[in-house]
Amino acid sequence: MTRHPCLAVEQRWPDPFAERYRQAGFWRGETFAAVLRARTAAAPDDIAVVAGETRWRYRELAARAAATAGRFLDLGYRPGDRVIVQLPNIPEFLSVAFGLFEAGIVPVFALPAHRITEISHFAAAAEASGYVISGAADGFDYCGLADELCRRLPAIRHVVVAAGDPGRFVALTDRPGGTPAASAAPATGPQASEVALMQISGGSTGLPKLIPRSHDDYLYSVRASAEICRLDRRSVYLGVLPIAHNFPMSSPGVFGTLYAGGTVVLSPAPSPEIAFPIIARERVTMTAMVPPLALAWLEAARTGRHDLSSLRVLQVGGAKFTPEAARRVRPVLGTTLQQVFGMAEGLVNYTRLDDPEAVIVETQGRPISPDDELLIVDDDDQPVAEGSAGHLLTRGPYTIRAYHNHPAANARSFTAEGFYRTGDVVRRTPDGNLVVQGRSNDLINRGGEKLSAEEVEDHLLAHPQVHDAVMVAVPDRYLGERSCAFVIARGEPPKPADLRAWVRDRGLAEFKVPDRVVFVDSFLTTAVGKISRGDLRRRLAEQAAPSPPAHPAKG
Ligand code: AMP
Ligand code: DBH
């Protein structure tokens with residue numbers, strides 16, 4: 001029997017909801033593989049992907065995806081199997097993704113910044129049996145990471161290196177004894193109601209969680225996003241953020257661009273020095289970025305050395321973009337700003353391209369779907385007065401009902417009625433747009449890169465000279481937030497730089513290393529009896545210095 005990647009019972013939308021979403025035409029029974037087939041049939045010679053000198057037409061992308069699907073099936077992978085994909089912005093990202101979609105194998109998209117601790121956690125949580133990397137990229141040796149992963153997790157049967165010469169696609173390790181029991185290759189492709197891929201949550205408590213997205217729900221958000229952004233065959237989308245992230249992947253991102261039959265251009269790095277010449281050369285029409293990068297682009301564009309006249313839409317999201325910075329986008333870059341407030345769990349809000357300038361610069365927009373249900377509630381889950389700030393809860397046709405295999409997180413993150421607790425504090429303006437006011441949980445948003453205070457604290461606590469540690473967000477002019485770890489030493493305090501090196505050496509992504517380490521004798525200056533760690537974090541955040549310099553020295 002071939003196992004198909006079905007949603008688990010708790011992840012399914014209850015029947016009346018599923019029926020409504022199908023009736024409304026949101027869920028169309030389309031799969032990612034069918035979308036690529038349709039675009040390829042319609043315009044096989046249109047350019048699908050550009051990266052440096054590499055240009056793949058739709059038929060070439062489709063052929064490579066088919067070859068990838070065949071290769072994985074030959075290696076013994078079957079629909080429903082899960083594979084960790086950790087690739088930078090290279091064309092093979094898309095041929096691997098569509099290849100796995102076609103075979104019904106579920107890619108779990110890790111970020112290039114993730115390191116062994118995170119990758120082994122994802123692989124274990126997803127029960128992954130394969131790992132796709134690019135070899136070396138950005139000066140980091142992913143093969144070394146793969147070796148370590150294989151040592152830790154015998155369930156990883158293959159490491160696939162998909163990069164370099166575009167034709168190359170090799171299994172690095174065919175691990176002895178790892179060949180799966182032969183089962184028939186699937187007679188039919190995956191169904192739209194099944195899991196297409198898994199995204200990774202920023203995660204406010206402890207380790208990141210896996211987010212299962214079905215073809216139906218993810219493609220709805222991709223298609224509707226492409227419509228909101230008016231993408232078509234002539235659109236040229238520049239991927240500057242790592243496209244493994246949900247925002248540049250699907251809002252509308254690279255998938256939305258391919259959905260519309262447009263061209264995806266991949267930038268090897270997000271800096272203006274690299275990206276501006278690419279925009280000029282490829283006549284890029286749209287791109288997406290986080291606020292700190294938008295500030296850098298605004299600064300660089302003032303010199304006006306590059307022709308950015310093709311750029312029509314600049315999306316900014318992932319963290320709060322201040323109205324002051326937002327106001328400069330049109331005059332400096334000559335493009336329409338679109339604010340995007342989304343989450344890998346589902347809900348995405350956009351300002352619309354023809355909104356009044358005040359809405360575009362002052363709000364984070366409104367939901368994609370008329371069936372997105374939003375509640376803004378107080379600490380007791382009761383609705384706040386219209387216009388007041390409160391916790392945002394949501395459910396709808398592309399917001400998950402449960403994380404992958406994580407009952408404890410599901411109990412915390414979803415209400416009994418199936419609403420997802422976003423952890424964001426928002427208010428709604430009279431015209432229905434959302435303004436993000438802050439967070440209600442202990443997720444630190446470092447310029448769009450999310451990290452859990454608790455996850456890093458656990459690593460700090462493992463240090464022999466650390467008695468206790470609490471990490472908080474401190475406001476920062478450039479990144480929005482930075483991390484500051486308050487530490488009570490055991491005996492002689494270690495050097496802050498050594499403690500930061502300790503966290504890095506534990507195999508965590510660099511963005512999780514505390515920006516500052518402050519040693520204290522105790523966490524509380526006043527006696528307050530019992531206090532939750534959450535309260536403690538909030539108190540320490542208030543004590544922390546308001547804002548370090550724009551480019552503080554690490555240490
Ligand atoms: P993640 O869980 O990693 O997908 O990150 C989603 C979170 O990023 C949201 O819940 C928000 O806290 C934050 N976020 C995303 N876009 C924006 C935005 N435009 N403004 C403020 N916060 C944002
Ligand atoms: O921050 C995010 O996760 C995010 C931001 C904008 C996102 O997932 C999205 C749009 O889809």
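Which residue in S8 is the bridge partner of isoleucine 133? I looked that up before anything else, and the partner is valine 161.

**Ground rules**

I'm working with a predicted model, where local features need pLDDT of at least 70 and side-chain atom pairs count only at pLDDT 80 or more, while totals for chains, interfaces and linings use all residues. Residues are numbered from 1 along each chain as its sequence is written, chains are lettered from A and ligands numbered from 1 in the order in which they are written, and side-chain values use heavy atoms, with hydrogens and water left out.

**Strands S5 and S8**

I checked how S5 (residues 130-133) sits with S8 and found parallel pairing over 4 bridges. Pairing needs at least two bridges found by DSSP, and strands here are DSSP runs (E, at least two residues), while helices are runs of H or I with at least four, all numbered from the N terminus.

Then I asked which residues cover the two faces of S8 (residues 158-161). His158 and Val160 are on one side, Val159 and Val161 on the other, and all are buried. Buried means under 20% relative accessible area, exposed over 50%, and partly exposed in between, with a 1.4 Å probe and protein chains only. Side chains in a regular strand alternate between the two faces of the sheet.

**Ligand 1**

I counted 17 residues around ligand 1, and the closest include Asp424, Arg439 and Lys450. A residue is near a molecule if one of its heavy atoms lies within 4 Å of it. An oxygen of ligand 1 is 2.4 Å from a side-chain N or O atom of aspartate 424, and a ligand nitrogen is 2.7 Å from a backbone N or O atom of valine 340. The protein covers 93% of the 500 Å² of accessible area that ligand 1 has on its own, by the Shrake-Rupley method with a 1.4 Å probe. S16 gives the most to this shell, with 4 residues.

**Ligand 2**

Next I went round ligand 2, whose surroundings include His245, Phe247, Gly318 and Val348. A polar side-chain atom of lysine 450 lies 2.8 Å from one of the ligand's oxygen atoms, and asparagine 246 has a side-chain N or O atom 2.9 Å from a ligand oxygen. The cover here is 95% of the 290 Å² that ligand 2 has on its own. Helix H8 (246-250) and strand S16 (336-343) are the elements giving two or more residues to the shell, and S16 gives the most, with 3.

**Threonine 336**

Since S16 kept turning up, I picked threonine 336, which is in that strand. Is threonine 336 buried or exposed? I have it down as buried because its relative accessible area is 14%. Its side chain makes a polar contact with the side chain of arginine 330 at 3.4 Å; such a contact is a pair of N or O atoms within 3.5 Å, and within protein one must be able to donate a hydrogen and the other to accept it, with sequence-adjacent residues counting only if both atoms are side-chain atoms.

**Glutamate 457**

Last, I looked at glutamate 457 in helix H15 (residues 453-461). Why does glutamate 457 count as buried? Because its relative accessibility is 1%. Leaving aside neighbours within four places in sequence, glutamate 457 is in contact (heavy atoms within 4.5 Å) with residues including Ala469, Arg533 and Arg537. The glutamate 457 side chain also reaches the backbone nitrogen of methionine 471 at 2.7 Å.
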